[in-house]
Amino acid sequence: MLSAGARRGAARREAAFRELVEVWARRSGPVGAAWFAQAVERGCSDVYPQTKAWAASLGCPSPQPAPAARPWSGGQLPPVELRLARYSAPYLRYGQPHDASALLHFALPPRPAEDPAGPWWLRSMELGAPESFRLDTAAFAGPGTLELSREPDRIGAVSLHAAALAVVVASAPG
C-alpha cells in the first residue's frame, strides 16, 4: 500500500493501486471477490469512465443481495450468542449534549427451514438512553435465551444469561 502510494505521477499511482486491488480480489477467493466487486461498484459512482471500465473488467462475480430479514417460526427467537456489547455514557461535545446509548450484536443460528450447518445471522440492537447497563463475562458464554421486555413502541429491557447482560432503557417522557 505504501509503495503504491509513493509512486510518482498520478497514472503510476493509479496503476499500482489497481494492481493491488486485483491481487487482493484474486487471493481472497469467491467470497472476498464478491465483496471487492460490491465495494468497487459502490465506490465508482463519481469516478472517471476509465476507472469504471477497469472495475467492470475485474471479473469478480456480482455479489448476491442479502436475503430480507424474516422472523423465526412463531416469532420466537432461538438461543442467541452475544458478540459485542458497547455502552456510551452521556457526554458533552462542543457544547452539544449526547445521550447515553447501548449497542448489542447477536449471532443467531440458521432458521429451522435452512441448513443447520449454514451461516449464522448477525443482528444488532441499539438502545437509546439506558438507565442501567450491566455486563459480565458470563454473557459471552455461548447461546442463551434473550429476554426482552417490550413497551408499546420500544424495547424496555434486555437480559441474557441470567442477567449477565442486563440493559434497562429509560421510560419515555410523558
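Confidence across the predicted model is highest in strand E1 (residues 81-88), where the pLDDT has a mean of 95, and lowest in helix H4 (residues 49-56), where the mean is 65. Over the protein, the pLDDT averages 79, and 72% of the residues score at least 70. In residues 60-64 the pLDDT falls below 50. This stretch nevertheless has nine contacts in the model beyond near neighbours in sequence.

Strand E1 belongs to an open sheet of three strands, arranged in the order E1-E4-E5 with antiparallel pairing. The edges of the sheet are occupied by E1 and strand E5 (121-128). Each of these has a single partner strand, so one side of each is left without a neighbour in the sheet. From one strand to the next, the twist averages 15°. The pairing of E1 with strand E4 (residues 101-108) is antiparallel and comprises seven bridges. Within this pairing, Leu84 has His105 of E4 as its bridge partner.

A further antiparallel pairing links strand E7 (residues 147-151) with strand E8 (residues 154-160) over five bridges. The connection between E7 and E8 is a hairpin of two residues. Glu151 has Arg154 in E8 as its bridge partner.

Side-chain charge pairing was examined next. With a limit of 4 Å between a side-chain nitrogen of Lys or Arg and a carboxyl oxygen of Asp or Glu, two salt bridges are counted. One of them joins Glu81 to Arg83, with 3.6 Å between the closest N and O atoms. The residue range of strand E1, 81-88, begins at the number of this glutamate. Glu81 has a relative accessible area of 17% and is classed as buried because this value lies under the 20% limit.

The other salt bridge is formed by Glu114 and Arg111, whose closest N and O atoms are 3.7 Å apart. The two partners fall into separate accessibility classes: Arg111 is buried, with a relative accessible area of 6%, whereas Glu114 is partly exposed at 25% relative accessibility. Glu114 receives this assignment because the partly exposed class lies between the limits of 20% and 50%.

How values were computed:
Residues numbered from 1 in each chain as written. Predicted model: local features only at pLDDT ≥ 70, side-chain atom pairs only at ≥ 80, totals over all residues. Heavy atoms only, no water. Buried < 20%, exposed > 50% of the residue type's maximum accessible area, 1.4 Å probe, protein only. Pairing = 2+ DSSP bridges. Helix = DSSP H or I, 4+ residues; strand = E, 2+ residues; numbered from the N terminus. pLDDT = per-residue confidence, 0-100. Contact = heavy atoms within 4.5 Å. Axes fitted to C-alpha atoms, helices over the stretch in contact; angles between N-to-C directions.
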